[in-house]
Amino acid sequence: MATNGPNLECRMYEAQYPEVDMAVMIQVKDIADMGAYVSLLEYNNIEGMILFSELSRRRIRSVGSLIKVGRIEPVMVLRVDRDKGYIDLSKRRVSEEEIQACEERYNKSKLVHSIMRHVAETMQIDLEDLYVHVGWPLYKKYGHAFEAFKLIVTDPDSVLNSLTREVKESGPDGQEVTKVVPAMSEEVRDALIKNIRRRMTPQPLKIRADIEMKCFQLDGVLHIKEAMRKAEAAGNDNCPVKIKLVAPPLYVLTTQTLDKEQGISILKNAIKACTEEIDRHKGKLLVKEAPRAVSERDDKLLAEHMAKLRSENGEVDGDVGSEEEEDTGMGEIDLDRSSIGITEVSPGSPGFTWTEQP
């Protein structure tokens with residue numbers, strides 16, 4: 001059934017077929033007697049074949065353990081018959097380095113393709129025409145259109161102003177003349193920039209470090225608080241540092257930044273400032289986990305851990321009817337000096353003891 005809408009099917013790269021010895025991303029479509037039929041995802045799903053002899057260097061005991069319908073993975077191009085459209089592929093000849101490079105390239109290309117296709121669909125224009133005048137020239141100039149799209153996020157004019165196309169028009173004398181015009185209309189250009197910014201604007205990374213901090217001197221809590229202030233003062237507007245108590249003596253330092261290396265460096269400086277301050281008061285700081293980038297899952301686990309600790313601290317068993325516990329207001333909480341961080345020396349005692357205040 002024919003449609004009057006724009007063509008939204010197109011390969012990702014200007015070359016119609018991949019080169020021999022190139023790693024490409026495929027999806028397995030069917031398994032036959034001689035091998036597996038696959039689609040080349042970067043080349044508009046043209047068909048290729050992997051013979052069973054090209055699945056593994058080892059003896060094949062089970063084809064199903066090596067290849068399955070629907071699986072997406074990199075393979076090596078062995079032969080390309082452009083006249084007949086046959087493409088022979090190999091799974092066993094692709095190296096780990098080639099797999100990694102192919103996956104990285106494909107993930108970038110897939111994002112570029114998704115943005116291009118969305119613009120073509122919403123603006124009702126032909127996808128291949130958009131690639132011819134925008135996508136493939138950017139691949140050629142920047143090595144990959146993904147790198148150009150990253151620049152468009154902050155400075156679209158520097159990338160898009162150089163893109164042009166030639167159109168033929170009739171001159172005043174009736175002669176056909178060639179005129180150079182922008183590669184896109186203003187509407188398409190605005191839609192492209194909007195989609196690129198929505199999909200590719202960098203998200204801040206969260207950098208975190210875990211430390212233990214103790215101070216057994218008088219006013220130990222005050223000294224710890226001052227050390228925390230020194231740590232937070234090591235941050236700046238781009239990388240503000242925050243330090244939170246998880247459960248004595250464990251503290252967590254965090255910052256958010258677009259630059260991972262800068263964030264790690266800022267937290268290292270914060271730990272250094274915190275260490276110098278607590279050392280002045282004969283306290284001790286121990287780095288449990290060095291600064292590193294963390295995921296949302298890590299944040300969720302930390303929040304759950306803190307909530308559990310708060311819940312445990314709020315639960316006091318056996319305090320009903322106990323006058324002694326009501327007087328002290330301590331319940332069954334074990335006041336360990338390493339966890340509280342404050343000690344008091346009783347006269348004549350050889351060590352640290354707790355003394356009840358009148």
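**Exercise 1.** Which residue in β11 stands opposite I207?

Solution. The model is predicted: local features need pLDDT of at least 70, side-chain atom pairs count only at pLDDT 80 or more, and totals for chains, interfaces and linings use all residues. Residues are numbered from 1 along each chain as its sequence is written, and side-chain values use heavy atoms, with hydrogens and water left out.

Step 1. Helices (H or I, at least four residues) and strands (E, at least two) are DSSP runs, numbered from the N terminus. Strand β11 covers residues 284-294.

Step 2. The residue opposite I207 is A293 in β11.

Step 3. β8 and β11 run antiparallel and are joined by eight bridges; two strands pair if DSSP finds at least two bridges between them.

**Exercise 2.** Find the bridge partners of E212, then give the strand order of the open sheet.

Solution.

Step 1. In β10, E212 has L250 as its bridge partner. In β11, the partner of E212 is L286.

Step 2. Strand β8 (residues 205-214) pairs with strand β10 (residues 250-257) in the antiparallel sense, over eight bridges.

Step 3. The open sheet has four strands in the order β9-β10-β8-β11, with antiparallel pairing. Its edge strands are β9 and β11, each pairing on one side only. From one strand to the next the twist averages 20°.

Step 4. Two helices lie across strands of this group. Helix α7 (residues 220-233) lies across β8, β9 and β10 and runs at about 155° to β8. Helix α8 (residues 260-280) lies across β8, β10 and β11, at about 15° to β8. Axes are lines fitted to C-alpha atoms, for helices over the stretch in contact, and angles run from 0 to 180 degrees between N-to-C directions.

**Exercise 3.** Is K244 buried or exposed? Describe its surroundings as well.

Solution.

Step 1. K244 belongs to strand β9 (residues 242-247).

Step 2. K244 has a relative accessible area of 52%, so this residue is exposed. The cut-offs are under 20% for buried, over 50% for exposed and partly exposed in between, with a 1.4 Å probe and protein chains only.

Step 3. Leaving out residues up to four places away in sequence, K244 touches L250, Y251 and V252. Contact means heavy atoms within 4.5 Å.

Step 4. K244 and T254 are 10 residues apart along the chain, and their C-alpha atoms are separated by 8.5 Å.

**Exercise 4.** Describe the closed barrel and the helix that packs on its sheet.

Solution.

Step 1. Five strands form the closed barrel, running β1-β2-β3-β5-β4 with mixed pairing. Neighbouring strands are turned by 50° against each other on average, direction ignored.

Step 2. Strand β2 (residues 35-40) and strand β3 (residues 46-51) pair in the antiparallel sense over six bridges. Y37 has M49 of β3 as its bridge partner.

Step 3. Helix α2 (residues 96-123) packs on the sheet and touches β1 (23-31) and β4 (72-81). The direction of α2 makes about 90° with that of β1.

**Exercise 5.** Classify the packing of α4 against α6 and of α3 against α4.

Solution.

Step 1. The axes of helix α4 (residues 145-154) and helix α6 (residues 186-200) come within 9 Å and cross at roughly 95°. Therefore α4 is roughly perpendicular to α6. The classes are under 35 degrees for roughly parallel, over 145 for roughly antiparallel, 65 to 115 for roughly perpendicular, and oblique for the rest.

Step 2. F146, F149, K150, I152 and V153 of α4 meet L192, I193, I196, R197 and M200 of α6. The contact residues divide into eight nonpolar, no polar and two charged. Here Ala, Val, Leu, Ile, Met, Phe, Trp, Tyr, Cys and Pro count as nonpolar, Asp, Glu, Lys and Arg as charged, and the others, Gly among them, as polar.

Step 3. Helix α3 (residues 127-142) packs with α4 at an angle of about 95°, the axes being 7 Å apart. α3 and α4 are therefore roughly perpendicular to each other.

Step 4. G135, L138, Y139 and Y142 in α3 meet A145, E147, A148, F149 and L151 in α4. This set divides into seven nonpolar, one polar and one charged.

**Exercise 6.** How many helices and strands are in the chain?

Solution. The chain has 11 helices and 11 strands. Of its 358 residues, 35% are buried.
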